[in-house]
Amino acid sequence: MGLNEKIIFLGILGVGALVGVVSYTIFSDLPPTPENTKSIYRQDLPPPSTAQASSKAESKVDPATVKADATLTILEGASTQGNPAYDPKELSVKKGNIIKVENADSLPHTVTNGAGPNDPNSAKTFDTSLIMGGEAAILQTEEIDAGDYAYYCTVHPYMTGTLKIE
Ligand SMILES: [Cu+2]
């Protein structure tokens, strides 16, 4: 490397450092505040609606405190194909009963109506969505018509059971 190339190389490094220092000095000193955030797109967030909050609280039943009429347990080891998955495998409840679904396994599972992922009616009647290991969910049956409903786990479709609404 010739002397000129060394000078040019160091010059480029120097300019880079200078740009870095200048940018840092100018921009790091400007955290967004109401005064310096003057975008024409800025909109104030709507105040939280109390009506919305209360209806949400109503539909959200806490599995820990609700008084369930029946319990459906997802068994430990259920994710292994061939193992028993749901207990009882066939659960009968009266329409309107509250079912507590307890996941006794360490992996997430669901209780989702339908014969499997390709069933066009899958999840249309009931679906707990993912229940994490050791957690529980609530299935409401007041809007389910009487009948026999096959269900499965969306994560492990070989996990199947039947829910009877009387
Ligand atoms: Cu599963």
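This passage describes a helix, a sheet and a nonpolar core in a predicted model.

Helix H1 covers residues 3–27. At 1.5 Å a residue, its 25 residues should span 36 Å. The C-alpha atoms at its two ends are 36 Å apart, which agrees with that expectation. The number of buried residues in H1 is zero, so the helix lies largely in the open.

Further along the chain, strands form a sheet. The sheet is open and has four strands, in the order E2-E1-E4-E6. The pairing is mixed. Strand E2 (86–87) and strand E6 are the edge strands, and each pairs on one side only. E4 and E6 run antiparallel to each other, joined over five bridges. Within the sheet, Ile98 stands opposite Gln140 of E6.

Attention now turns to the core. In soluble globular proteins, nonpolar side chains tend to be buried together. The largest nonpolar core in this model holds 19 residues. Those that touch the most other members are Leu72, Ile74, Ala85, Tyr86, Val101, Val111 and Met159. Five strands each supply at least two residues of this core: E1 (70–74), E4 (98–103), E6 (136–140), E7 (147–152) and E8 (160–165). The largest share, three residues, comes from E6. E6 is also an edge strand of the four-stranded sheet.

Val111 gives a closer view of the contacts. Leaving aside residues up to four places away in sequence, Val111 touches Leu72, Val101, Thr128, Leu139 and Tyr151. Leu72 and Val101 are, like Val111, among the core residues that touch the most other members.

Notes:
Residues are numbered from 1 along each chain as its sequence is written. This is a predicted model: local features need pLDDT of at least 70, side-chain atom pairs count only at pLDDT 80 or more; totals for chains, interfaces and linings use all residues. A nonpolar core is a set of buried Ala, Val, Leu, Ile, Met, Phe, Trp, Tyr and Cys residues joined through C-beta atoms within 7 Å. A residue is buried if 20 or more other C-beta atoms lie within 10 Å of its own, exposed if 12 or fewer, and partly exposed in between; C-beta atoms are placed from the backbone. Two residues are in contact if their C-beta atoms, placed from the backbone, lie within 7 Å. Two strands pair if DSSP finds at least two bridges between them. The expected span of a helix is 1.5 Å times one less than its number of residues.
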